[in-house]
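Grab your viewer and work through these exercises with the model open beside you. Each one gives a task, then a solution in steps.

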Amino acid sequence: MSKQALTQLSLARFREFVRQPEALFWVFAFPVLLALGLGFAFRESEPERIPIGVTGADSAALLETLGTSPALRVRAYDEQVAKEALRAGRISLLVRGGENPEFVFDPTRPDSRIARLEADVALQAAAGRTNPLPVRVVETDEPGGRYIDFLIPGLLGLNLMGTGMWGVGFSVATARMQKLLKRLVATPMRKSDYLLSHVFSRLIFLVLEVLVLVSFGWIVFDVAVRGSLAALGVVCLIGALTFSALGLLVASRAETIEGVSGLMNLAMVPMWVLSGVFFSVDRFPDSIQPFIRALPLTALNEALRGIINEARPLSALLPQILIMVAWGLGTFVIALKIFRWR
């Protein structure tokens, strides 16, 4: 098939996309709104005080002493009400008064452990304890260290995955369900050209898609790209091609919208959770780290953060790039092999 025919196929896929207002919303508006909401929710501000409760004997004295801590918000409770508040998570720590105050908390909750330490410091200081070793505190605010700096590259990676997989997968599944693919069998069009046209049509939006989110992060939250714009473009291009190929694989046999939706969720939800979009992958156990690091979205997010936040060159991101290339080539070859028109 000629290059001109492939170009026309790609343009046809592009026209199909722009005629769907809901698709444009999910590609351009949704990631911006998500970044806006989460960016303001986790904006730079003083940490919120941790709610704790006091009960029992000397609760008034405890209330006054613990109220001196800048990290705690203290309230007196009846015993039964305090237990319920602790169980429901409305307070992170319960302090029972007496000759030896008692701390009741869930040690698996980080906020409860912090509240326990802060309460102990306040009580011990009130009892006359002094620190035998003075410690100097140095506060830092390094560029790229805010939550929004972590979030913007993750949302960019998430958007590249979503537009690649949903845009390609739904288009192919819809054409098959409407019997359009069945008619294309009679044409001289090759299977590879048809599949490549879906991949290339995604790239038409790539520059605008990346530009909108990166510009929004820079203008609204001062999230600057510290690395090379060319390197950012290369990584985004590889990521877009990888997830377009994965979308083709998912849609290669699906016959209904419900079927392709289920397969898409099966492929994407684990990456939503595990690939470090909203929080670091280091939070997961070491035993599953090799599996997480091998996911294409994890590799894409790490590469994007390496360029945007750390100014790393492409040579330092070679492992992540190879993972994405392997996923892209592998899934496209498999999709080409098992794809069916009917």
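**Exercise 1.** How many residues apart are glutamate 84 and arginine 87 in helix H4, and what does that make in helical turns?

*Solution.* This is a predicted model, so treat every value here as computed from it.
- Step 1: glutamate 84 and arginine 87 both belong to helix H4, which covers residues 79–88, and they are three residues apart, which means a separation of about one helical turn.
- Step 2: now check the side chains. They meet in a salt bridge, with N to O at 2.6 Å.
- Step 3: add the surroundings. Glutamate 84 is partly exposed at 33% relative accessibility, while arginine 87 reaches 62% and counts as exposed.

**Exercise 2.** Take stock of the other salt bridges.

*Solution.*
- Step 1: the structure has seven salt bridges.
- Step 2: one of them joins arginine 109 to aspartate 111, with the closest N and O atoms 2.8 Å apart. Aspartate 111 is partly exposed, at 28% relative accessible area.
- Step 3: another pairs glutamate 302 with arginine 293, where the closest N and O atoms are 2.1 Å apart. Glutamate 302 is partly exposed at 21%, and so is arginine 293 at 32%.
- Step 4: look for a network too. Salt bridges link Glu79, Arg96 and Glu102 into one.

**Exercise 3.** Work out what surrounds arginine 305, starting with its secondary structure.

*Solution.*
- Step 1: arginine 305 lies in helix H13, residues 296–308.
- Step 2: look for a charged partner. Arginine 305 is buried but has no salt bridge, and the nearest oppositely charged side chain, that of glutamate 302, is 7.3 Å away. A salt bridge needs the side-chain nitrogen within 4 Å of a carboxyl oxygen, so that distance rules it out.
- Step 3: turn to phenylalanine 150. The charged end of arginine 305 sits over its ring, 3.6 Å from the centre.
- Step 4: phenylalanine 150 also offers its backbone oxygen, 2.9 Å from a polar atom of the arginine 305 side chain.
- Step 5: with neighbours within four places in sequence left aside, the contacts of arginine 305 include Pro153, Gly154 and Glu310.

**Exercise 4.** Classify two of the aromatic pairs.

*Solution.* A ring pair is described by the distance of the centres and the angle of the planes.
- Step 1: there are four aromatic pairs in the structure.
- Step 2: for phenylalanine 216 and phenylalanine 221, the centres are 6.0 Å apart and the planes meet at 75°, so this pair is edge-to-face. Phenylalanine 216 is buried at 14%, and phenylalanine 221 is buried at 10%.
- Step 3: phenylalanine 279 and phenylalanine 284 come out as tilted, at 5.9 Å centre to centre and 40° between planes. Phenylalanine 279 is partly exposed at 33%, whereas phenylalanine 284 is buried at 18%.

**Exercise 5.** Inspect three loop residues.

*Solution.* Most residues other than glycine have a negative phi.
- Step 1: aspartate 222 has a positive phi, near 60°. It is in the loop between helix H9 (206–221) and helix H10 (229–251), and is exposed at 53%.
- Step 2: alanine 311 has a positive phi of about 55°. It sits in the loop between H13 and helix H14 (318–338), partly exposed at 39%.
- Step 3: glutamate 255, in the loop between H10 and helix H11 (257–274), is partly exposed at 44%. Glutamate 255 and methionine 177 are 78 residues apart in sequence, yet their C-alpha atoms are 5.7 Å apart.

Notes:
Residues numbered from 1 in each chain as written. Predicted model: local features only at pLDDT ≥ 70, side-chain atom pairs only at ≥ 80, totals over all residues. Heavy atoms only, no water. Phe/Tyr/Trp six-rings, centres within 6.5 Å; stacked < 30°, edge-to-face > 60°. Buried < 20%, exposed > 50% of the residue type's maximum accessible area, 1.4 Å probe, protein only. Lys NZ or Arg CZ within 6 Å of the ring centre and 35° of its normal. Helix = DSSP H or I, 4+ residues; strand = E, 2+ residues; numbered from the N terminus. Lys, Arg positive; Asp, Glu negative; His and termini not counted. Polar contact = N/O pair within 3.5 Å; in protein donor to acceptor, adjacent residues only side chain to side chain. Contact = heavy atoms within 4.5 Å.
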